[in-house]
Every structure is written in structure tokens, then in C-alpha cells.
Amino acid sequence: MRRAWEAFDLDGILCVETRPAIYFKRLKTLDNHIIREQHRRFWSHGVAPMMMFVGDKEVRVYSGLRPPTREPDRVNEDGRLIASFDRVNELLELRQFMHAVETEQVYGQEAYRRSFTPQDAVDRRLLRNLHAAREQLVSIPGTRKLPLKIIHRLLARMIFICYLEAREVLNGDYFGWLGAGSKASFAKILRLHEPTEKLFKLFRKLQRDFRGSMFDDEELREEEEYLRDSHVAILRRLFFDQADLADDQLTLNFDLYDFSVIPVGTISAIYEDFIRAEDSTVQRATGTYYTPPRLVDFTLDLALESDFDLSDKRVLDPACGSGAFLVAAFNRMAESWVRRHPRSRNGTRARELSRVLRNQITGVDINSTACRITCFSLYLALLDFLNPRDIRELPLKGGLPKLLLSHGKLPRANSPQTVVEGDFLSSNLPVNRQSFDLVVGNPPWSSRRVGSHVHKAFKGWKARNSSSETPADQIAYAFMWQVPKYLKKHGRACLLLPWGVLSNAKTSAFQAHWFSWYSVEKIAQLADLRFFLFDGADHPAIAIRFLDKRPMIDAHTIAFVAPKAGAAELNGDRISILPDDSSTIDLSVVLDRAKTGDAPVTWFMETWSTPRDRRFLNRLLMLPRLHEVAGAESERKQWLKGQGFQPHREGGATRPNYNPFWKKMDRYLDAKEDFNFVLVPGNCEPIGNRYKKLHTRRPATLFKGPLVLVNQGFSRVAFSPFDVLFQDSLQAIAGPPSDRKLLMFLTAVLASPLARYFVFHCSKMSTYRYPQFAELMRLPFPLPEMAPGKGAKDIVDTVARVMSGLAKRLARGGLRDEAAIEEARDETVEPVYEYYDVAASERILIEDTLTVLNQSKMPNRGSEVLTIEPPRWEHRQQYSILLRNTLEQWGKRSGTRLSVRSVVSPGAGLAVLTLSNKEAVDRRYTEKDSSHALDETLARLSKLLPKYHGSLAYLRNLKVFDGDDLHIVKPLTRRHWLRTAALNDADEIASEILMSSRRAAV
């Protein structure tokens, strides 16, 4: 914000807590030419989502997420203009708009949705443009193909020079000596005769003047061998001569960027994407991903909670990439220094902030380009805190500090160690004997891939640390073990990691060991924000904050937050954490579940479940599981489970191949066949000669009826009374003919809402689209003698009769009789509920999960999210009546009778629900719209409810007891008005009343 205030000469900034929401600037006239230029620079800055221009008669609000235009007459089009107001006649509308901004309701309103499109924000737009620039430079006819690392270094230097020129550090005098005249510019240099020679003369002058680790002699010599005038012509056209591009060529619009105001963190994070592109396999092989500035800020904010002051701390990023985390940490350190020394003299700031870079910031990366880009990013960050005069004086005072310690070089006294090229998992890393107050970053995510230098290093680390578990050879685990070795006694670490380090089925042994050694303070599960926070990653992310300290097993607890996508998350830069998304987990529970192989279930259950859900799920988890009765052939259990056969494919793996074990006329089910609930012969066809060899051997008994078939997505389940062959995209559970009815009942259970509810909360289904077959085996499946419901054997018989009747109906020619199938499935739901003794309130939990939560998880941009839609009147009525009835049931001994009513304020995005305990009770639910005065009060109140920490907003519930009345302030989003919410709110209210009664008695 300091840079924005200076760069735009602002008149004010509206912050929602600490995050800027609107920049204010007064203009004498709202001239489109002036606004176009201001909007271009504002968009380039990319920090605040809105900028308001205030004229004498009119107010206009523009979006910081919509790209600028070259044509002044179009500055108000394409969503750039969010709203305009007449200062005299539309004052009320302006107030309402400001309330919507302060409560962050503006991002979810349909009228403004087009103006908030993050894919057009400066960071994403610049990333796409630089990709296109690279594609044009990578291969030019008649020249040697440019290596990607050279292209990336060139683009970085181009941006560096554009930045210095935009900041007026480099002027005509600096460029003039190259023969472009006294009013020379960087663009003119690139238009001179023999521009390549001139460009490298400029690079070497910058090297002499600024020194540092930006222009290396060896690298410049390598680049001179490759670079030709045709390459420089492309660079000139891309950056400066957009008008010269032919119509059929890609226009990159670099002239729309103002590099003097683009945040350094944006440039740094973008270059992380370039690093992985230097090898087509490097992203997958090393697990490196572009970390957007928003996610960097979130991780750093999480790391610095509890008043952890960075100003005098040492920070390490063990896999620094382009330096995004280091830039963010340095910016906070430097900002703190500037605030403490507001009157520092010219030169003092440069010297002291250079000292911070040298002594308090350290990054390690195995990739040489990454290290160079990190240096570049940190230099830009440093220069961002200096005025042009200070920067021009740097050559007289030694230039920029040396930051890079190249691979294989040993540190000497006063040698640079800010950026270390090396392997963090190495046994001889130059920083091995150093310790840090904070270790933060995004380690590589990859597993089961060999051949890269990263994996060779990982193999060496594993040999030295054989007792440290790394399931599936996931490199991230090695970083989790290695990082604590670099922490000071009271230091902390906060790592961005793949969700799989906790959620994968084979992580229980790792969790039992690692959580016993290190004190985990907080885990943020970011799966629901996957498509908004982490572009390009295939897997959801988590952030874990921990200490190098043995926890007290019986007393230690872990804070767990799982924020969900809301209007602010979809369109803004804040992450809101609702009370329902925050919980506390006993370490003893994690370790107990790890002993039984169920450690991942702990984290799944905390992702979407409420306290009521957890009580219900814990009851189900106490029942015998499906894996206790069904297992692989070697386990010799009552039933056999497994995948279908895998055909041998020519040119495939070199495993031995096997002969088929079937006859040509045996029935075969194609996985694409639309089977459902009960399989009949009409679903199948003879297998014939289509598969001559098998890739893997499967037990023939797996294909013997009776059996239950499940597809990989768990979207289809069917019982087969007969033998049937199928490929490995289908899984089966087969048993003896004597268990025919039980297998029918298992089919009904797997197809039931209860199973889908359990799988949603206790498997990857809550964070991925589908569960794994192995996770289905966790499903509670007690045999009749162990079932909690009454008459279990009779229930099994009832379900078997329904399914047998359906099979006969389908066999008579109703193969596609969807109505009959749906009717039979519906008939089995109630028996399944009775078998498991599912209460009426638990059925509400199931229904809400499947109809609302499951439809809202991990949304894409532009998709409808049921949980954040405004609740309709009937939703509010259902919630209110169930809340009232549940509380009356709790207080039935005292004859409690309650009335319930609401006041709704769409403008503030809130409603106030009032429960009243009075003699004359109206049983109807009533509601009314709020007054203007109440709207303003609620808008102010909504700003007080969250507790902010940087990009994190912890929301709080508000309940006010006033005599016989209880007032509850609730956000107007569907999730808060579910019947599940009513049950949990009733429990919370009852608990508060009980506790207050006990305190009064004492």
C-alpha cells in the first residue's frame, strides 16, 4: 500500500481490515484519457480490486482485475467500469455500494460479476504473455534454436531494464552513449544497427554499474553465441512495436504493463512457471509448480500468526524456485524497517535493506535458473523500497549486493549465501550448520519418478535416513523430515504440501512417526479452493505449521481449518474461515487411528463435517468394516475382492503374459455398459476371442456369481447372480452361493445414500471427484448378528426379495426400465437405514450432504456453488422451524414453547433470527425486510465479526441473549440455513444455556 500511495498519489485507501479494497483518487474532471492511463497503471499494480475516481459531480469505480485498453473511449467498457454514481442524486446508491464492498458482498452480486475475473488479473495475463513471447523466441528459421534457459534470462533482463527505465533510474543519458542520441530510450537501443551488439554492451554496463548476481560474465558469453539480430527484433516487437505486428501474429500488449508498479511478488511467482518449462518433464519430475502471490501470502500469513514478528528473524526457503516466498518475507521485513526509520537518510535505507538481504534471507534450489531468477526477484524487491536517486547512486556505493553462491562453491568469509544453488536433501549443503527462525516454502511434489537430478538426490537422502518413512517415494515427505534440522530452538516451519501427505491410504505409519516427533500447531486444508489458489496443480494443497519439538501426546491438540469457496474467495484475495470450518483435533486421536491404518480418516472427517456429523460418523466407524469380511485371495476372508482382468497390450510392459481362463461363450460385461443395481444376462455378451493374452493373473473365483460389481467412479453398483467376466476398470466382491442374500444386501448398502454420505466424509471423495476402491472397504458393514438395528436378518431377506423381483422384471424385457430400477433402489433405502439404526436427525445430515455439500465442493470459476447462494424463503423457514423444534425437545421438561421470526437484510448480506420464549406463542415462522437504519447497523456489525490476520479472515458467530429473546446473526448464504446447521446451532445454544445456568448456580 505504501508503494501504491506514492505511485498513484492517492487521496485515500479503504481497507477491509488490513487488505486494500478501494483506492481513492480525486480528479478535476473525469476525462477518459486520464482515467485510461490511471487504470492501466492501477491494473498493473494488481493489489486492490477497485479504484474510485471522485469528480465534482460524478464518482466512478473501476476494476483492478479487468485488463486496460489503448482506446480512451473504451475505458468504460468490457467490465472495466464497475459502477458510476451521481454525487447529488445517487448518494444512497453509493452508500449501499460501499456497504457491499465493506461486507465483501459486492463480489457475489450478479451486476458486478463480470468486473471481477481473476483470470484477467495482471499476474495471469503477464504469465500468458510471457509464455507467448517464449514460443516466438524458441525457434526462428535460419538461427540456432535458443535454449529455454537463455530465453528466460533474456526476458528477465528485459523486464529488469524496463523496470529501471519506468522508475526513471535509466534515462536518455544512460542509453545515449550507445549511439541513440541524447533522448535515447531502451526501445531506441533495440532499433539501432547491429542491435545485438548494442544490447550486450548495455548488459555489460549494467553489470559494471550494479554488479550483483544479475549479469554473469559466463552467462553473457553463452548468450552471445546464440543470440542474433533476428532474436532482438522479436524482443523489440514484443515489448515496444505492437503496431508493427502483422494481423496474423499474436499481439502481446506489453505496452499495457507499467513495470514500475507491478508487484515484485507477481513477477517472481510468474518466473517460477518458467523454471519448470526448461525441460518438458521437469514439472512432473521435480514436482515444481507456479505458486501464485495469493497463495504465497496465505502461507506466510499462516506462518506468522500468534504475533510472530519477522523484522529481526532469519528465513529459509528450502526449495525457493523463483523466490516468491523470499520476496514476500523480505517485503515484510523491509516494510517493518521503513516504519521504524521513517526519516532515514539517502543511502542508509539501501545499505540496511541490503544487509537484510545478505543476513536474514536464504533460499536453496537445485535449479540454476531458479537461483538466478530468485536473485533477480530479490533485487527488484530491494529497488522497490528505494527512490530513483538512491538507485542511481548504487554504482558509487558498490552496486547491488552479491547474493548467489553457485553450485559446488564453498562459502568463504563475506561470500554470498542468500541464494544457494544446491540440493536441500544433500549431506554437504553450505547452510547445513545454520539455523533459522522460520522455514517456509513449497517443496517439490512428486513420487515414483526416477532419472531426474532431484530424484537422484532423494535416493541418496533415503539411504542416509532409512528409518524415516516416505510413502510412495513422495519427495515432500523428505522435506518434512529434513526441515526441522534447520530450525532454531523456538523457530517454526510452515510448508505448502500436497494433500496426499495426509490423505493417501498408506500414510498411517508416517503420520504415527512424524506427528510423534514434531509439534504440529496448525493445518490448513485448501482442497476446496484448489482451482482458485493453485493454478495447474493436479492435486489439492495443505499448509502445515510445526515446531521442532516433541509434543505431549495426551495433551497436544492440532488446529485444523478447511476454508470453503465463498464470494470473497472466488473473486477477491481473502480467505474466510467460518466457525464450521475450524476445529481442534487431539493428537492422541490421530495416533490411535494411525495404529489401525485409519489416519487419513481423521483429516477427511474434519473437511466438511459438522459436530453432529462427527458424532454420527464416529458411531458408524465403531461398527465392523467391509474389509473385515472381504479381502484379497491371500487374506483368505469370507469374500474375495479385486479388480477385473487386464488384457496384454502389444508394446506395453514386459511382464509375463497369461492365457485366458475362460470359454468363448462365457458372459462378458463391458465397463461402458449402463448396468445399474441388478445385472441381467441382457447386460452381457459372449467374450469370444477378443482377448488372446492377459497382462496380469486374477483368481477365477473373483468372476463367479454371486458377486457385487462397482465401477471406478463409484457411480454404478450392481449385483450379479451369475458368473461374469470384466476388465480392471471394474471391481468386484464375490462370495459363495450361500451368501447370495448378503451380497444383495451389500449392493443395496453400497447404492444407498448412507454409503455415499460415509464415503463423502471419510474418503477422498470430499476433495476429489471419486473415492478409491480401497476406501470403500472402510465402509461399515456389520453382519446381521452384529448390526445395530433390530430384525437385521429379516431386513436382509426383505432387500433380497426386492432385488430378486427387479431381476425378474428386467429379464422379461425391461433391461432399460429405469423407473423400475429407481423404484427398487428407493424401496431398499429405508431397510438399510433400519439395519444401521439411522435416526431421523441423522437422515437430515445425509440429505444435506448429498444434495448441497457434495454439489458444492471444489468449484471452478463461474460454476454455481449451492453453499454460497442466497437461501430462499423456504430454506429459512425449514431452518428456523427445525431449530425451534429441536430446542423445544431439549427443554420439553420445562414446557418450553418458542416463537421464531427473522429480519432479512440483503444489502448487508445478513439476517437476524429471533427466538422468543413467551407465554403467547405464534407457531408460524415470520420474517420481514430490514429498515435502512438496521441495514447500516448490520453492515457495520459485519465488519466487526471477522478477526483478520493478513489474507486470513476468521469469522465468528454472534448470538445475543436479551431476556426471553435470543437474537442470532446469520450470513445470507445457503450453507448457514441448512437443516444440518439448525441441528448444530440448537446443540450450541443448548450448551451455552446449560453452561450459563451452571455458572449462575455456582
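**Entry 1: strand 24 and its partners**

Before anything else, a note to myself: I call two strands paired when DSSP finds at least two bridges between them. What I have here is a predicted model, so I keep that in mind throughout.

I began with strand 24, residues 730-734. How many of its residues are buried? I found that 5 of its 5 residues are buried, so I wrote strand 24 down as mostly covered, with under 20% relative accessible area as the mark for buried. Then I checked which way the residues face. L730, A732 and A734 point one way from the strand, while Q731 and I733 point the other way. Residues on both sides are buried.

Next I looked for the neighbours. Strand 22, which covers residues 707-711, runs antiparallel to strand 24, and 5 bridges join the two. Which residue stands opposite L730? It is N711. Strand 18, residues 639-643, also pairs with strand 24 in the antiparallel sense, here over 4 bridges. In that pairing, K641 has I733 of strand 24 as its bridge partner. A reminder for myself: strands of a sheet pair through backbone hydrogen bonds, and they do so either parallel or antiparallel.

**Entry 2: a sheet of 3 strands and the helix on it**

I moved on to an open sheet of 3 strands, in the order 15-29-28, with mixed pairing. Which strands stand at the edges? They are strand 15 (575-577) and strand 28 (947-949). Each has a single partner strand, so one side of each is left without a neighbour in the sheet. I also noted the twist: neighbouring strands are turned by 20 degrees against each other on average, direction ignored.

Strand 15 and strand 29 (residues 952-954) pair in the parallel sense, over 3 bridges. To have a spot to click on, I wrote down S576, whose bridge partner in strand 29 is A953. Helix 13 packs on this sheet and touches strand 15, strand 28 and strand 29. Its direction makes about 55 degrees with that of strand 29.

Is helix 13 (residues 293-303) mostly covered or mostly open? I noted it as mostly covered, with 10 of its 11 residues buried. Among the buried ones I listed L295, V296, F298, L300 and L302, and also R294 and D301.

**Entry 3: salt bridges**

A search of the whole structure gave me 56 salt bridges. I looked at a few by hand.

R36 and E37 meet through their side chains, with 3.2 Å from N to O. R36 counts as buried because its relative accessibility is 15%, whereas E37, at 29%, counts as partly exposed.

R125 and D120 form another salt bridge, at 3.4 Å from N to O. In this pair D120 is buried, at 13% relative accessibility. R125 is partly exposed, at 22%.

How far apart are the closest N and O atoms of K595 and D592? I get 3.9 Å for this salt bridge. Both residues lie in helix 24 (residues 587-595), and they are 3 residues apart, which means about one helical turn separates them. The background is handy here: an α-helix has 3.6 residues a turn, so residues three or four places apart point the same way. K595 counts as exposed, with 68% relative accessibility, and D592 is partly exposed, with 45%.

I then followed a network: salt bridges that share partners join K149, R153, R157, E219, E222, E223 and R372.

**Entry 4: T470 in a loop**

Where is T470? I found it in the loop between helix 18 (453-464) and helix 19 (475-482). Why do I call T470 buried? Its relative accessibility is 10%, and the cut-off for buried is under 20%. Leaving out residues up to four places away in sequence, T470 touches F458, W461, K462, Y477 and A478.

**Entry 5: cysteines**

How many disulfides does the structure hold? The count is 0. I picked C375 for a closer look: C375 is in no disulfide, and the nearest cysteine sulfur, that of C371, is 7.1 Å away. The cut-off for a disulfide is 2.5 Å between the sulfur atoms. C375 is buried, with a relative accessible area of 0%. I checked C762 too, and C762 is buried, with 1%.

Key
Residues numbered from 1 in each chain as written. Predicted model: local features only at pLDDT ≥ 70, side-chain atom pairs only at ≥ 80, totals over all residues. Heavy atoms only, no water. Salt bridge = Lys/Arg side-chain N within 4 Å of Asp/Glu carboxyl O. Buried < 20%, exposed > 50% of the residue type's maximum accessible area, 1.4 Å probe, protein only. Contact = heavy atoms within 4.5 Å. Axes fitted to C-alpha atoms, helices over the stretch in contact; angles between N-to-C directions.
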